[in-house]
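Colleague: I'm new to this one, so could you walk me through it? Let's put it up and talk it over.

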There are 2 protein chains.
Amino acid sequence: MTATAPRTFPRKRASNGTARRTDADEIGLDALVGHAGYAVRRFQIWIFQDFIKTLGDVDIRPTQYSVLTVIGANPGLSQMAVAKRLGIERARLVHLLDSLEQRKLVKRVKSKADRRSHALHLTIQGETALAKFKRLAAEHERHVEAKIGKENRAQLLKILAGFT
Amino acid sequence: MTATAPRTFPRKRASNGTARRTDADEIGLDALVGHAGYAVRRFQIWIFQDFIKTLGDVDIRPTQYSVLTVIGANPGLSQMAVAKRLGIERARLVHLLDSLEQRKLVKRVKSKADRRSHALHLTIQGETALAKFKRLAAEHERHVEAKIGKENRAQLLKILAGFT
DNA sequence: GAAAGATTGTTGTTGACGACAACAATTGCC
DNA sequence: GGCAATTGTTGTCGTCAACAACAATCTTTC
């Protein structure tokens, strides 16, 4: 655009007299402080990033973990039931299960009772893998405790119990 | 509709007589209960949906609201500073500001001190609009109180204050 | 004072994710 | 038997985070 590029300017030191306020600490949030949604959002981002990192070696994301956990605790569920329970779109669950089935962690068994639906089960490797995932998830949960405090985490779980 | 699915009262029963466990209430979550991330995620989805619905008439989403709030409280900030403060990618902020600028709520002023950066300001309409947004956001916050309880919300804000 | 490196805004891509819509196969209902 | 509803699937669209590359500009360093 502006092809003229004579940059020989007298030194305008922006960092001398006028504070530039580029540091996050100095910037006020005004009304944002006191908004539950903002705090929850930031916390959720942090917690997911820690979960993803902690379970990075096994390459399991939070949603995948929740699917495996529910299937593990309730073998034979249909995709619709899992989707409803976890608040996932059934269209989305298709891809999630495709991935998990490809990794031999889950298998779709054609249901005898309802030939439209699939009964979801963990494979043998899925069971042992989930056990490992749970250990790593527990480690992640300890990170949360370390971040906000043990009793704060317990308090939080109690407050939000109605949403699980 | 996702998180707090309305209960289906009549127990569904397959033709063969075995309970089908399609209702969410009957499905256990096993290890998922006790995971802070899961509860926080579900709560965050609920809270954002209520925010979007409550500010639906003015068509303002949570992220847009946070950007407007920070600019309103700190006029003249650069895009980089806003992005850092809110934990948004600067690439993402470009589109957000494009939209807000198109709606005449925000203006990008070429900075004198640093010709690379833009000083962000609310327009006059932006100021009055933000005032209205804040009233609606306060209404949303009352919804949160009604959902989890007044002192629970306060407790939550205290616990998560470090993430803002 | 000029070269080298860092920063700012921008554009683009990728992938996870939610919301919808349409479809075939199957089931339930009347 | 016929018709509406359900289940899994495929596809599209839009939001959002994470990167990468780039031009313009600033800062640092020699």
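Modeller: Sure, and keep in mind that this is a predicted model. A good place to start is Met80(A), which has a backbone N or O atom 2.7 Å from a phosphate oxygen of DNA strand D.

Colleague: Which elements give two or more residues to the surface near DNA strand D?

Modeller: Chain B puts in α4 (90-102). Chain A contributes as well, so to speak, and the full list is α4 (90-102) of chain B with α1 (36-54), α3 (79-86) and α4 (90-102) of chain A.

Colleague: How far is the side chain of Gln49(A) from a phosphate oxygen of DNA strand D?

Modeller: Gln49(A) is listed with Arg41(A), Met80(A), Arg116(A) and Arg92(B) as the closest of the 22 residues around the strand. Arg41(A) has a polar side-chain atom 2.7 Å from a phosphate oxygen there. For an N or O atom in the side chain of Gln49(A), the distance to a phosphate oxygen is 2.6 Å.

Colleague: How many residues of the surface near DNA strand D are charged?

Modeller: On the DNA side, 65% of the strand's atoms within 4 Å of the protein belong to sugar or phosphate, and the rest to bases. On the protein side, four residues are nonpolar and six are polar. The charged ones number 12.

Colleague: Moving on to chain B, at what angle do the axes of helix α1 and helix α5 cross?

Modeller: Two packed helices are described by the angle between their axes and the distance between the axes. Here helix α1 (residues 36-54) and helix α5 (residues 124-148) of chain B have axes that come within 9 Å. They cross at roughly 140°.

Colleague: And how is α1(B) described relative to α5(B), and is their crossing left-handed or right-handed?

Modeller: That angle makes α1(B) oblique to α5(B). As for the hand of the crossing of these two helices, it is right-handed.

Colleague: How many nonpolar residues does the contact of α1(B) with α5(B) have?

Modeller: From α1(B), residues including Phe43(B), Trp46(B) and Ile47(B) meet residues of α5(B), among them Leu136(B), His140(B) and Val144(B). By class, three residues of this contact are polar and three are charged. The nonpolar count is eight.

Colleague: Where does Asp59(A) lie?

Modeller: Most residues other than glycine have a negative phi. Asp59(A), not a glycine, has a positive phi of about 55°. Its place is the loop between α1 and α2 (62-73) of chain A.

Key. Residues numbered from 1 in each chain as written. Chains lettered and ligands numbered in written order. Predicted model: local features only at pLDDT ≥ 70, side-chain atom pairs only at ≥ 80, totals over all residues. Heavy atoms only, no water. Near = heavy atom within 4 Å. Polar contact = N/O pair within 3.5 Å; in protein donor to acceptor, adjacent residues only side chain to side chain. Helix = DSSP H or I, 4+ residues; strand = E, 2+ residues; numbered from the N terminus. Nonpolar A, V, L, I, M, F, W, Y, C, P; charged D, E, K, R; others polar. Axes fitted to C-alpha atoms, helices over the stretch in contact; angles between N-to-C directions. Parallel < 35°, antiparallel > 145°, perpendicular 65-115°, else oblique. Left-handed = near helix turned anticlockwise from the far one by under 90°. Contact = heavy atoms within 4.5 Å.
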